[in-house]
Amino acid sequence: MPQHYARIAFTDEVKETQRANGSRRAMQRFEEADFANDSLGPAEEQFIAERDGFYLATASSSGWPYVQYRGGPPGFVHVIDETTLAWAELRGNRQYISHGNLTTDKRASVFLMDYARQQRLKIFGSIQLLDPDHHPELRARTMPSTPRTQLQRLALLHVHAYDWNCPQHITPRYTAAELQETLLPVREELQRLRTENDRLRSELARRPAEAT
């Protein structure tokens, strides 16, 4: 079974560039691997459920690419099934560039990042925008419990292919929540030392002064 991600990404121009740079043989083995990568598995579903944001790339009718960041509470992107993701589209800066692009070309590329663990999941898919009033169950499922702004539409991403990317050049970064978790043992140890220091000071203060 052919690699769906490579079939989409490796155009003739890309293959020629791979040949010119000496990577075509390795990429051909990747392309011919017996792994279709068009249906999300448990690892992908868990990774997506833990994310608090992603990068969304679309293309305009004039051919220009456009990348936008989508953010929300962890888990705001919902895995509906092994080939479908969904999220609530909330009101933003009202430029509607991604929305406008999707009216003429529904194809999109999504990057989901875990900077702390240096992991990246890339997805090719097509996006379907829905009226929330016509899909109350999906609206209830995807709407954040504390929305920052008003809901405008629902987005369905129909997965065509995905690929896990090399972590080599991902610079580790940490969210406030990740830092809190990482620093918790340090804070606990610091508190223990402060408590011990207070105890020793108290004991020292209770000892009678030595005669000079």
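In the next few minutes I will go through the salt bridges, one helix and the two largest pockets of this structure.

Please keep in mind that this is a predicted model, in which local features need pLDDT of at least 70 and side-chain atom pairs count only at pLDDT 80 or more, whereas totals for chains, interfaces and linings use all residues. Residues are numbered from 1 along each chain as its sequence is written, and side-chain values use heavy atoms, with hydrogens and water left out.

Let me start with the salt bridges, a term that here stands for a side-chain nitrogen of Lys or Arg within 4 Å of a carboxyl oxygen of Asp or Glu. By that rule there are 13 salt bridges, and one of them pairs E16 with R19, with the closest N and O atoms 3.3 Å apart. These two residues sit three residues apart in helix α2 (residues 12–20), and are therefore separated by about one helical turn; helices here are DSSP runs of H or I with at least four residues, and strands are runs of E with at least two, numbered from the N terminus. E16 is partly exposed at 47% relative accessibility, where buried means under 20% relative accessible area, exposed over 50%, and partly exposed in between, with a 1.4 Å probe and protein chains only.

Another salt bridge joins R139 to D133 at 3.2 Å between the closest N and O atoms; R139 is partly exposed at 33%, while D133 counts as exposed at 59%.

Turning to helix α7 (residues 176–206), E189 and R192 lie three residues apart there, about one helical turn, and their side chains meet in a salt bridge of 2.8 Å, N to O. E189 is partly exposed, with a relative accessible area of 35%, and R192 is also partly exposed, at 45%.

What, then, lines the largest pocket? A pocket, on a 1 Å grid over the protein atoms alone, is an open set of points where a 1.4 Å probe fits, with protein on both sides within 12 Å along at least five of seven lines, and lining residues have an atom within 4 Å of a point. The lining consists of 29 residues, of which R70, E89, L90, R91 and G92 lie nearest the centre, and β2 gives the most to this lining, with five residues.

The second largest pocket is lined by 20 residues, and those nearest its centre are E50, R51, D52, T175 and E178. Helix α7 returns here, since β1 (53–59), β5 (107–114) and α7 each supply at least two residues of that lining.

Conventions. The expected span of a helix is 1.5 Å times one less than its number of residues. Grid points are joined across faces, edges and corners, and a volume is the space filled by probe spheres set on the points.
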